[in-house]
Amino acid sequence: MHLDLKRLVSDVTERKQLLDEDLIKELCERCKEVLVEEGNVRHVAAPVTIVGDVHGQFYDVLELFRIGGAPPDTNYVFLGDYVDRGYYSVETITLLVLYKLLHPQRVTLVRGNHESRAVTQTYGFYAECVRKYGGAAVWQHFTDLFDYLVLAVVVENTVFCVHGGLSPVVHTIDQISVVDRFRELPHEGPIADLVWSDPMENYPTASAHSPGGSDPISAMERPEFGLSPRGAGYLFGKEAVRKFLEVNGLAHVTRAHQLCQEGYRIMYGNLLSTVWSAPNYCYRCGNLASVLEVGPDLGFHYNVFGPCPENEREAPVGVGSGGGRFGFRTTPSVDDDEALLPPATGLNGKIVPPLRRWDVFDDDDEVVGPRKSGKRAIENDDEYDGRAGKGGVVDEYFS
Amino acid sequence: MDSHSHPGLSSKTSWWTEPVGSLVKGQKVTTVDSETTIEAATVQLAKADVSSAPIFDQNQNQYVGSLDWADVAAYLLIVLKKGQPPNLSENGSLEIQELIQRAHSFQPVPARLAADLSSRNPLWNVTPDSTIVDVLGAFSKGIHRVCVMGPSGLEGVLSQSALAQYLYRNSEQFAELKPVLSKTLAELGLGKQGNVVSVEESTTVVEAIKLMVESKVSAVPIIGKSGRILGNVSQSDIRYVILNRKVPLLYTSVLQFAHFLDQQLGMMTGQDRMPVFELPSTSTLALTVAKLSAVKCHRIWVVDHGRVAGVVSFTDVLRALAAAVPQNSM
């Protein structure tokens, strides 16, 4: 079967077409053939743009390509969570598969925790496939394809990229390379940890802003890791990241997996960052998104953007328009002198990317990002620009 | 029995002789006034993110009972005329009859009438000097929490989960615990009940609540046609129905309800969680405590080869730890 992939890309992006089930099947088969040749850990060169969760927000993905450049003009590493939540998961994953087939060397697709049969049955992708195609076949083709996605990326032997985070049983990159990834995501073990784990500020001491809201319990064998309140994976702190980077001769970990109000978040003195690429998440969170542009000199630029303008998107029926309860803005204002500090020298003499002007520091002079990320930031209203609104996540229950 | 009266024993304090007062020191306890309506009390429980609250009667100047989600579930069924509370005999206690009358005539129901409506949540008092071994007996029988009553009143509430976590965190110090914590659930014979009370995908939420109240369980797994576990409904999920006043949720299928809750929670916290919390029977008791604490659940399904083999709860955990106390110390 000859396929005009470029024509299919414009069918999807311009005519917003849903491709036939037979075509989807063929595309997935071809994509598996490409992915099966790739190792669990893929090594890529800079410059490259790293993208976090997009969660089926197709129109915002198109906006992302307008802002960051489309393949092959820009090299991309996608960190997973392509589907679920948004209303256009099918279109989103279809487009990414097409780009992967068109430019296999310039596009890397990493597996997220949502690229799983069990998770997509809970969070929307399965239902969307049945709604759009009348059956589960398309869902089966895509979830079979997900088994082939790579687990991690290393950029220029410097930056480790993964969807979730670190694992207490993974000390070296080589250990990731030898696992059998071609299967449904397991519930525990190294693969589960890589896609489910989260960094935790000030781990392991209790933090009012921790996801579980309580003192995490450290794992007996490796106290720098604690079980995650998500039910899979671990929480980990600065020490775990520092050790992993040192053992593997790397300088930075970039991951996604957690909502960031400002689109990104830097932690642990710039040892780790979170990139989130779904603006106004679920069409109501009012957050910004970003992509991480790694330059040829390994400089980091977090390119922040808001949701695609209303007049350019097809709003899903029955859902509130953009803005959410925080209102949304476009890119934050930037002064002329962007970098406050000169580039720091990280581990092993590698250059650590310069800090941007909107980074703020906590009491220990640790960069914590421009603002606390995620919904829990509103627990202390006074921290959040005094915006009106009741404090506390629980108040959402009353709205 | 402490080590001072038995010179042959080690002078180190054993874990089971620790006074419980030290475990609840500095605790801020959520309590409910006995005249608060059940709806308002539910909101209090949810806001404080606790599973229960002692009910304080200002007239009697004492605690008259405890309210937890099992009680709220039983109350909900009465309001919906879906069932009688389990302990209602022919005469029925005065309070429960009053509750039923008020609920059916839509009068506000004070929390005191719903205290231990489920018969699974009696108020259980201990003193600060009571030791861990004293409360282990109650915990092993399924009492979820005890009130530590000091000279000046309620000092704190010690729950099964808090005790289990305390023992886990300090297992380095309490060497006798390490062997039992290192055993697997299979070795301990836990989580292999076989037929746990469960529901199908299409069961409605209110039917599931009725089943839980009647079977005296806090949660049920949702088992799909293939026999796989697809999700979970707990009595504490009721808080979302009551708080949001989304009564139609009660009549949706349990699977849709579970999905809805997961989606809402994921959006609010900015991070999604696993659709099902489970452990294989090869998990150690230590891992079980850690996982139960991490996901803030009272019980977890034991799943082997994709099938639910059984359930393990903090009651089972503490019963296993109680077995590690030397016989002459009990």
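**Figure 1. Helix 3 of chain A and its buried residues.** In this predicted model, the buried residues of helix 3 of chain A are F58(A), Y59(A), D60(A), V61(A), L62(A), E63(A), L64(A), F65(A) and G68(A). That makes nine of the 11 residues in the 58-68 stretch, so the helix is largely enclosed by the rest of the structure. What do those buried residues pack against? Within chain A, the partners are two helices, helix 1 (5-13) and helix 4 (89-102), plus strand 2 (48-51), strand 3 (76-78), strand 13 (289-294) and strand 14 (300-305). Just past the end of helix 3 of chain A sits G69(A), with a positive phi of about 90°.

**Figure 2. Two cis peptide bonds in loops of chain A.** One of the bonds to look for joins A46(A) to P47(A), with omega at about 0°. P47(A) belongs to the loop that links strand 1 (41-44) and strand 2 of chain A. Another cis bond runs between P71(A) and P72(A), and here omega is about 5°. P72(A) is part of the loop between helix 3 and strand 3 of chain A.

**Figure 3. H55(A), a positive phi without a glycine.** H55(A) isn't a glycine, yet its phi is positive, near 45°. Where does H55(A) lie? Look in the loop that leads from strand 2 to helix 3 of chain A. The relative accessible area of H55(A) is 1%, so with the buried cut-off set at under 20%, H55(A) counts as buried.

**Figure 4. N270(A), another non-glycine with positive phi.** Phi of N270(A) is about 70°, again positive and again not in a glycine. This residue sits in the loop between strand 11 (264-267) and strand 12 (272-275) of chain A. Is N270(A) buried or exposed? Its relative accessibility is 5%, so it goes down as buried.

**Figure 5. An annotated stretch of chain A, residues 110-115.** The label comes from an unreviewed UniProt entry, which lists residues 110-115 of chain A under "domain: Serine/threonine specific protein phosphatases". How much of the span is helix, and how much is strand? It's 0% for helix and 0% for strand, and the C-alpha atoms at the two ends lie 10 Å apart.

**Figure 6. A three-stranded open sheet in chain B.** Over in chain B, three strands line up in the order 7-8-9 as an open sheet with mixed pairing. The edges are strand 7 (199-200) and strand 9 (229-234) of chain B, each of which pairs on one side only. Strand 7 of chain B runs parallel to strand 8 (residues 219-223) of chain B, and two bridges join them. To spot the pairing, start at V199(B), whose bridge partner in strand 8 of chain B is I222(B).

**Figure 7. The second largest cavity and its lining.** Searching the whole structure turns up seven cavities of 30 Å³ or more. The view here is of the second largest cavity, with about 60 Å³ of space. Which residues line the second largest cavity? They are N232(B), F277(B), C297(B), R299(B), I300(B) and W301(B). Sorted by class, that lining has four nonpolar residues, one polar and one charged. Strand 11 (residues 299-304) of chain B is the top contributor to the lining, giving three residues.

Terms used:
Residues are numbered from 1 along each chain as its sequence is written. Chains are lettered from A and ligands numbered from 1 in the order in which they are written. This is a predicted model: local features need pLDDT of at least 70, side-chain atom pairs count only at pLDDT 80 or more; totals for chains, interfaces and linings use all residues. Side-chain values use heavy atoms; hydrogens and water are left out. Buried means under 20% relative accessible area, exposed over 50%, partly exposed in between (1.4 Å probe, protein chains only). Helices (H or I, at least four residues) and strands (E, at least two) are DSSP runs, numbered from the N terminus. Contact means heavy atoms within 4.5 Å. On a 1 Å grid over the protein atoms alone, a cavity is a set of points where a 1.4 Å probe fits but cannot get out, and a pocket is an open set with protein on both sides within 12 Å along at least five of seven lines; lining residues have an atom within 4 Å of a point. Grid points are joined across faces, edges and corners, and a volume is the space filled by probe spheres set on the points. Ala, Val, Leu, Ile, Met, Phe, Trp, Tyr, Cys and Pro count as nonpolar, Asp, Glu, Lys and Arg as charged, and the others, Gly among them, as polar. UniProt positions are given in the numbering used here, feature names are shortened, and annotations may be inferred rather than shown by experiment. Two strands pair if DSSP finds at least two bridges between them.
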